Structure formats: structure tokens, C-alpha cells
Amino acid sequence: MCFEDLGEVSTQSTQGKIVMMGAELPLKMYKKRPGKLRIEGDFMGNKYIQTINGNEGWQIAPWTGSTTPKAMDSKQKDQFGILASLEG
């Protein structure tokens, strides 16, 4: 596949880890056109999920002390929406 063919890609999945405050957190990231993104992983034994469907965003963020889904505010949604682009 060459760079020009990337415009034909409609989904992408990535698996890796992030380092936050000295802790390694595994994650899986799924992207789908147009503007959909889901990131999930484990945080100290609790599952975290952040997702946006192109319009609405929500998250389960155990590092905030909550394990119930919460809507993203507009700033979070805008920042997260940038990540949703398959073009980078």
C-alpha cells in the first residue's frame, strides 16, 4: 500500500501502551470514518473507555473516581475529535 491508497482506508485499529505518571497503561484504539474513535484499556484494574461517534463523546474514566459513563464536555469532545481523523 502506498501513501495515495490511505484515502481508501475506512477503519484502523491500534494496540499499545501509554505511560502516565510512571505507570504503563495498555490501550486499544479503534478509528472509523467519518470521525469515530474508541480508546479502551485498563487503569489499576478498572476498564477505561473514551469514545466519540462524530457528534457525541463520552467516557468511563476511573482515574476521576467514577466508573460510570459521563458525557464529554465540548472542549474534551473537540480535542478527542481531532484524534478521530484517519488522516492524522
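**Entry 1: M21**

I looked up M21 to see whether it is buried or exposed. M21 has 83% relative accessibility, and exposed begins over 50%, so M21 counts as exposed. I note here that the model is predicted.

Next I asked where M21 sits. M21 lies in the loop between β1 and β2. In the hairpin that these strands make, two residues stand between them, and M21 has a positive phi near 55°.

I also checked which residues join M21 in a patch. I18 and M20 do: with M21 they form a nonpolar patch on the surface, and together the three have about 320 Å² of accessible area.

**Entry 2: β1 and β2**

I followed the strands on either side of that loop. β1 covers residues 11-20 and β2 covers residues 23-32. I found the two paired in the antiparallel sense, with ten bridges. As an example, I looked up Q12 and found K31 in β2 as its bridge partner.

**Entry 3: β2 and β3**

I went on to β3, residues 36-43, which pairs with β2 over six bridges, in the antiparallel sense. For M29, the bridge partner in β3 is I39. The hairpin of β2 and β3 has three residues between the strands, and I noted a positive phi near 70° for G35.

**Entry 4: β3 and β4**

Last I took β4, residues 46-52. β4 and β3 are antiparallel and share seven bridges. I looked up L37 and found its bridge partner in β4 to be I52. Which residue takes a positive phi in the hairpin of β3 and β4? M44 does, near 50°, in a hairpin with two residues between the strands.

Methods:
Residues are numbered from 1 along each chain as its sequence is written. This is a predicted model: local features need pLDDT of at least 70, side-chain atom pairs count only at pLDDT 80 or more; totals for chains, interfaces and linings use all residues. Side-chain values use heavy atoms; hydrogens and water are left out. Two strands pair if DSSP finds at least two bridges between them. Helices (H or I, at least four residues) and strands (E, at least two) are DSSP runs, numbered from the N terminus. Patches are made of residues with over 30% relative accessible area and no salt bridge: like charges are joined within 9 Å, nonpolar side chains (Val, Leu, Ile, Met, Phe, Trp, Tyr) within 5 Å. Accessible areas come from the Shrake-Rupley method with a 1.4 Å probe; for residues, only the protein chains shown count as cover. A salt bridge is a side-chain nitrogen of Lys or Arg within 4 Å of a carboxyl oxygen of Asp or Glu. Buried means under 20% relative accessible area, exposed over 50%, partly exposed in between (1.4 Å probe, protein chains only).
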